[in-house]
Amino acid sequence: MKALYSLFLVFALAAIALVGAGALGMERTFGLYIPFLAAAVFVVGFCWRVVQWGKSAVPFCIPTTCGQQESLPWIKQSTIENPSTTTGVVLRMLLEVLLFRSLFRNNQPQLYSDGRVRYASSKWLWLGALAFHYSFLIIFLRHMRFFTEPVPALIRGIESVDSMLQIAAPTLYLTDLVFIAAVTYLFLRRVVVPNIRYISQVQDYFPLFLILGIGLSGIFMRYFAKVDIMAVKELTMGLVTFSWKAPQGIGAIFYVHLFLVSVLLIYFPLSKLMHMGGVFLSPTRNMNCASRKFRHINPWKFENVHYHTYEEYEDEFREKMVEKGIPVEKPL
Amino acid sequence: MSTLPRPEELYAKINHTPPKADWMDVPVDIKPGRYCYAANPDSLNYVGLPHARKWNPLDEDWKLPENWKEIIFNGIRERLDKYRSFKVFMDICVRCGACADKCHFFIGSGDPKNMPVLRAELIRSVYRGEFTTFGKLLGKFAGARPLTEEVLKEWWYYLFQCSECRRCSVFCPYGIDTAEITIMGRELINLLGLNIDWIATPVANCYRTGNHLGIQPHAFFDMIDFFCDDIEDITGIRPEPQFNKKGADILFVTPSGDVFADPGTYTCMGYLILFEYLKREYGLDVTWSTYASEGGNFGFFTSHETMKRLNSKIYMEAARLGVKWIIGGECGHMWRVLHQYMDTLNGPEFQSSNMTVPKNPITGTVFQHAASTKMIHITEFTADLIKHGKLNLDKSRNAGIHLTWHDSCNTSRGMGLFEEPRYIIRHVVDKFTDMPPGTIREETFCCGGGAGLNAGECEELRMMGGLPRASAVKYVHEKYGVNMLGCVCAIDRAVLPGTMKYWVPEVTVCGLHELVGNALVIPGEKEREVNLRGEDLPGKEDE
Amino acid sequence: MYDKGKILTGLAVFVVFMTYPFWNNIGRAAYVKPELEKPRMAKECVENVEYMRAEHMAMLNEWRDEVVRNGMHEYHSSFTHQTYAKSLTKTCLKCHENKDKFCDKCHTSVAVSPYCWDCHVDPKGVKQ
């Protein structure tokens, strides 16, 4: 049900763009105003969210240690999984952000009838997530060809590597295939695996469908509907240089694509997609593990804390202590 | 109390398929055997925790204060500001499910709300409903729900089915730590007086007497004295531990469980033998304290403030006695607190400037990694001694033992203590086999009774949670003949014997320094006939 | 312990990265859709303009396959009702004399690098 709601929502969004930019002829609204607004909401909203997190204190040094600590000089420390230097922490974060280190550990317990629990390696989620995020990144970078003139060599390089199999014309982007496959996998596991279905919410399905919609509409207009790409570039360049004029005759499918992207940009800072910024702020990963070596300072204070002092303790137990010959501060 | 099903029955009942209905529509069902009794109001009052009263989790009416919702909301608001972990973890979970099957309580119970992601969602759903725009506007559609008494009961039930072991946080791509969420959740329900007695009473005891078990100084003295009698019987040498001695070099703090309950007591005897040996051989000057007679900290399972209050005694006592540095005994969450919290909580206020960076006077090793906290783990200390050849160890006295090693959750994922104990093991035991990968080191399983869940009344829960650990032990037992499970945690030593008896009755549990105590040859000792447990040593059975 | 500096640095990197399209174009000449050189001799292409604009790549791809694999060299246009040789250099480039003033204009602008020229030689290009 939750998946269906989300699917309908994405269909409705696509329909809005089709009607708006197509039938009602609101090309300027859907081609310029909304995308610009969305980009602004995305950048400002993202920063706002991160700043809000940043305003919360980090009172304690609570990294999750995933390897041997630094202790005796002859014991080999796990310098990345349990870092005690800034370099180590940076490397740990890089592994986490670039290679999804923690997800790579994934395994799956299986209960056998002989009473044993076994743990099978389970790397599919890691692979799917990695494929999804990297193909998304490459696709994002590739799109910079619409926002730059001349197109930088890096972008052209990505473009040619991505189409290196030279299949069909316009040449097939490999990332398009990987992207659709990965999103489909991420969606299917949510509906097929009972426990994942149980924890999934509308806000898990919606971004998947939205992103799938963006991918499919993009693929459709590149390989099938073939919108006027030069007119598109005129619009996108106009958008980023503030010389806003809506070119005519691009084709409604383009506006569907652009509108869904705009919705994604606006939805981003309001949603779980903020994990993109949040992962950097996770105290269990981004802190130095050498918490006995360096004192971490808590910026706030506990107020009106009561302690049970030694004096109070001795006052209560002095006789019993003296009886056993335990030294006391004040004799009986 | 409910009757515990037989292991095969319990195992056969585990079902990992969730119900059809949405989890928000499945009402909480507080099952006997899986919950702990409510806190004794006297205990809460003793430490000044709010809303102490008699109540029963099975009752309809929990006698909540009039403005309980307001208290919770203010509590959440305050903690969102104070703890970035809480705020970020509330916001960024994508429900990928990587954590879902990592929790020992989920693996062993099949209760879907024991999936770490869902345990967090119990609180997250309320957070969304009250603190986020989307949640306020869209309600259930955005995964939000209002806070009701039902929801609060659900929180309580599942917050006390989490042992804060952090295993899920190892697998989470963003490091979301359910322990952190449980800690916040428990702080919140503590604002309403909803603690459990197995935590609240130890807290009150510790506050008053210095240890969880409420052992008063004379009794503490007597118990240690009793161990000294035993050691004298076994070795012919009587240790003479020092108590509250001003001017000693080193303060020794261990969990009071070691002083109180088998098999922790044997570990305690191990410490006594070690320190006696070092005193005689090298003049090491160690003192115990009856005031700071607890390393463990059940305040950690109540609130950060309570943790601070109980923990403060260690630095205060170190300052009063004028010791240079501190050694901590074998304990799990105690070391989480010592390693990651103590120096921040109480260092600035209570750490004496006369303390120095720990330096082993026998080997000259400077424990630079503890330069600021000035407290080291006893396995770090012992491993250093062995490395420098300072201990005379006779492994043959542990020859009957085939050991496997339980990495305790807190020393693993809140510290990273893996090789120190293993190094010692290799010098005190001949036969040692690790359990399979995925069940040890940073991926180790909780014993099932951490974070205050070792109460008698929640035994079924504990057996469920203990299944993954027990299963791995069973494997090495059947395949390699392992008969002893070693650990460095007092809660493990309290919980695992029961778990083993239930799942793998052939395996018993010991602490590491019990094995050290058995192996260590004190100069002038008589030929030992029995080990610290009073069992015949290998080769001495027939005499 | 707020790591204010690190967070703001991170955000600065994020903003710079995400607003690249905006700041990158500051100070550059406004984008003008490339002007294509019209053939001097011909008035019509093999198909109508809209079709050619959208489908020329697919058409050339098809021509290549048919010529090389099936030996079918003739293209019958339903638009001009004439027959053309399926040849990039002999048909297309006969009218669109300058690759750099026609093909390359758009291709460069949207970073398309057709692999036609992996094998074919631009007749004009050779002289340069």
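**Exercise 1. The contact of chains C and A**

How many residues of chain C are in contact with how many residues of chain A? Describe the side of chain C that takes part.

*Solution.* The structure is a predicted model. Step one is the count: 30 residues of chain C are in contact with 36 residues of chain A. Step two is the origin of these residues in chain C: α1 (4-18), α2 (20-24), α3 (49-70) and α5 (103-109) of chain C each supply at least two residues of the side that touches chain A. Step three is the chemical class: this side of chain C has 19 nonpolar, seven polar and four charged residues.

**Exercise 2. The contacts among the chains**

Determine which pair of chains shares the most contacts, and describe the side of chain A that touches chain B.

*Solution.* Two pairs of chains are in contact, and of these, chains A and B share the most contacts. Chains B and C are joined by no contact; their closest C-alpha atoms lie 9 Å apart. The contact of chains A and B takes 80 residues from chain A and 94 residues from chain B. On the side of chain A that touches chain B, the elements giving two or more residues include strands β1 (107-111) and β2 (117-121) as well as helices α9 (202-224) and α13 (310-323) of chain A. The largest share, six residues, comes from α13(A). By class, this side of chain A divides into 42 nonpolar, 26 polar and 12 charged residues.

**Exercise 3. The domains of chains A and B**

State how chains A and B are divided into domains, and describe how the two domains of chain B meet.

*Solution.* In chain A, domain 1 spans 2-301 and domain 2 spans 302-332; the C-alpha centres of these two domains lie 59 Å apart. In chain B, domain 1 is made of 7-30 + 50-194, and domain 2 of 202-519. The C-alpha centres of the two domains of chain B lie 31 Å apart. Between them, 19 residues of domain 1 of chain B are in contact with 23 residues of domain 2 of chain B. Helices α1 (7-13), α5 (104-109), α9 (167-171) and α10 (178-190) of chain B each supply at least two residues of the side of domain 1 that touches domain 2. The largest share of that side, five residues, comes from α5(B). Its residues divide into eight nonpolar, six polar and five charged.

**Exercise 4. Two packed helices of chain B**

At what angle do helices α4 and α10 of chain B pack, and which residues meet?

*Solution.* Helix α4 (residues 84-91) of chain B packs with α10(B) at an angle of about 110°, with the axes 10 Å apart. Angles of 65 to 115 degrees count as roughly perpendicular, and α4(B) is therefore roughly perpendicular to α10(B). The crossing of α4(B) past α10(B) is left-handed. From α4(B), B:Ser85, B:Phe86 and B:Phe89 meet B:Glu180, B:Ile181 and B:Met184 in α10(B). The residues of this contact divide into four nonpolar, one polar and one charged.

**Exercise 5. The surroundings of A:Ala3**

Is A:Ala3 buried, exposed or partly exposed? Name the residues in contact with A:Ala3 that are not its neighbours within four places in sequence.

*Solution.* A:Ala3 lies in helix α1 (residues 2-23) of chain A. A:Ala3 counts as partly exposed because it has 18 C-beta neighbours inside 10 Å, whereas a buried residue needs 20 or more. Leaving aside neighbours within four places in sequence, A:Ala3 is in contact with A:Val191 and A:Tyr205. The C-alpha atom of A:Ala3 is separated by 9.3 Å from that of A:Gln203, 200 residues apart along the chain.

Note on methods: Residues are numbered from 1 along each chain as its sequence is written. Chains are lettered from A and ligands numbered from 1 in the order in which they are written. This is a predicted model: local features need pLDDT of at least 70, side-chain atom pairs count only at pLDDT 80 or more; totals for chains, interfaces and linings use all residues. Domain bounds come from an automatic or database domain assignment. Two residues are in contact if their C-beta atoms, placed from the backbone, lie within 7 Å. Helices (H or I, at least four residues) and strands (E, at least two) are DSSP runs, numbered from the N terminus. Ala, Val, Leu, Ile, Met, Phe, Trp, Tyr, Cys and Pro count as nonpolar, Asp, Glu, Lys and Arg as charged, and the others, Gly among them, as polar. A residue is buried if 20 or more other C-beta atoms lie within 10 Å of its own, exposed if 12 or fewer, and partly exposed in between; C-beta atoms are placed from the backbone. Axes are lines fitted to C-alpha atoms, for helices over the stretch in contact, and angles run from 0 to 180 degrees between N-to-C directions. Angles under 35 degrees count as roughly parallel, over 145 as roughly antiparallel, 65 to 115 as roughly perpendicular and the rest as oblique. A crossing is left-handed if the near helix is turned anticlockwise from the far one by less than a right angle, and right-handed if clockwise.
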